[in-house]
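Student: Got a minute to go through this one with me? I'd like to talk about its surface and its inside.

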Amino acid sequence: MILKGTKRFILLSILLTTFTSQAEVIQIEADELPAESVIPILDSNMAVKNRSIPFSGRLEIGVMTGSVIDEMFFNSTLWGLQLFYYYNEDSAWGIKYADRTKGISSYSEQFQNTSAHLDFKKAPTPSTIMTASYRWSFLYGKMSLTKDTVVPTVLSTETDIGVHKMGSQNLPWTSFGISHKVFIKKHIGIGLSYRLLIYQALDPASADLGSSAPTPSESDFDKKIQISQSLDAALTYIF
C-alpha cells in the first residue's frame with residue numbers, strides 16, 4: 001500500500017512539473033495599455049472633496065487674446081488684461097480691459113477698388129473695451145492626460161457689462177460666455193472661451209464713405225445693436 005501510494009505521488013509530481021514548465025508568462029508593454037482622457041460627470045461639485053487648487057479668497061490675473069469671429073469691416077483681433085477676486089469657491093467678481101487692433105478688414109479693403117470707391121478708413125473704428133465681470137464656476141474636476149498626469153479643470157460662465165469705444169464715443173457693451181480652463185501648474189492656468197457679444201455700434205455703412213466725398217462726422221453715422229461672437233484664449237496666474 002505504501003509503495004502504491006508513493007508511485008501515485010511521484011506520477012502526480014511529474015504531471016504538475018510538466019504543466020508548469022509549459023505555462024507561458026504573458027507580458028504587456030506599458031505603452032500598449034489603454035489610455036483615455038475624460039471629464040467626470042458628477043451629481044454635485046462636492047463629489048470632488050479634495051481640491052488640489054482652492055479658489056476662495058484668492059486673486060487671479062490674466063492676459064488674453066482673441067478675435068471677433070464675424071467682424072466684417074474692421075480688424076477683428078483684440079488683446080487684453082483681466083483681474084478676478086474669488087469670494088467663494090465657485091464665484092468671482094472681476095474687471096477686464098481689452099484693445100482692438102487698429103485698421104480695417106480685408107473685406108472692407110476690396111470696396112476701394114469697386115465703382116463706388118468706398119473708403120471704410122473714414123468710418124469711426126472700435127478700440128478699447130472696459131467691463132465689470134461676474135464668473136460662476138459650475139464644475140471643478142480632474143482630467144487624466146496620462147496614467148501619471150492628472151490636472152485640475154474648471155468649467156465656468158462669465159457675464160460682462162461695460163462700454164467700448166468707437167471713434168470718440170463710449171457705447172454700451174455686454175457679453176455672455178462659457179470657458180474651459182486647465183491648470184498646468186497649481187498657480188498657472190490656460191483657458192479657452194466662447195462669447196456672445198451684444199453691443200451698440202456706429203454703422204459704417206450708414207454714411208457716405210466714397211473716396212471723393214468729404215470725411216463724415218460721427219453724427220452722420222446711425223447707431224445699431226450689433227450681435228457678434230468671439231473666441232479667446234487666456235493665460236492666468238492665481239495668487
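Tutor: Sure, we'll start with the surface, then go to the cores and a couple of buried residues. Keep in mind that this is a predicted model.

Student: OK, which residues make the nonpolar surface patch?

Tutor: Ile69, Trp136, Phe138, Phe176, Ile178, Tyr194, Leu196, Ile225, Ile227 and Leu231 make it, and the patch comes to about 930 Å².

Student: And which strand gives the most to it?

Tutor: That's β8, with three residues. At least two residues each come from β4 (126-144), β6 (169-183), β7 (188-202) and β8 (223-238).

Student: Take Leu196 from that list. Where does Leu196 lie, and is Leu196 buried, exposed or partly exposed?

Tutor: Leu196 is in strand β7. Its relative accessible area is 32%, so Leu196 counts as partly exposed. Patch residues need over 30%.

Student: Switching to the inside: how many residues does the largest nonpolar core have?

Tutor: That core has 21 residues, and Phe74, Met166 and Phe221 have the most contacts inside it. Two or more of the core's residues come from each of β1 (59-68), β6 and β7. The largest share is from β7, which gives four residues.

Student: Is there another core apart from that one, and what is in it?

Tutor: Yes, another core of nine residues lies apart from it, with Phe55, Phe84, Tyr86 and Phe183 among them. As a general background point, nonpolar side chains in soluble globular proteins tend to be buried together.

Student: Back to Phe221. What does Phe221 touch?

Tutor: Leaving out residues up to four places away in sequence, Phe221 touches Lys122, Ala123, Pro124, Leu202, Asp203, Pro204, Ser206, Ala207, Leu209 and Pro216.

Student: New topic: Arg100. Buried or exposed?

Tutor: Buried, because its relative accessible area is 4%, and the cut-off for buried is under 20%. Arg100 sits in strand β3 (residues 91-100).

Student: What does Arg100 touch, then?

Tutor: Beyond residues up to four places away in sequence, Arg100 touches Val68, Glu71, Phe74, Asn75, Ser76, Thr77, Leu78, Pro126 and Ser127. Phe74 also came up among the residues with the most contacts inside the largest core.

Student: And Ser127, where is that?

Tutor: Ser127 is in strand β4. With a relative accessible area of 11%, Ser127 is buried. Its contacts, with the same sequence neighbours left out, are Ala98, Asp99, Arg100, Lys102 and Lys165.

Student: What separates the C-alpha atoms of Ser127 and His164?

Tutor: They are separated by 7.1 Å, while the two residues are 37 residues apart along the chain.

Technical notes:
Residues numbered from 1 in each chain as written. Predicted model: local features only at pLDDT ≥ 70, side-chain atom pairs only at ≥ 80, totals over all residues. Heavy atoms only, no water. Patch = residues over 30% accessible without salt bridge, like charges linked within 9 Å, V, L, I, M, F, W, Y side chains within 5 Å. Areas by Shrake-Rupley, 256 points an atom, 1.4 Å probe, with all protein chains shown as cover. Salt bridge = Lys/Arg side-chain N within 4 Å of Asp/Glu carboxyl O. Buried < 20%, exposed > 50% of the residue type's maximum accessible area, 1.4 Å probe, protein only. Contact = heavy atoms within 4.5 Å. Core = buried A, V, L, I, M, F, W, Y, C linked by side-chain atoms within 4.5 Å.
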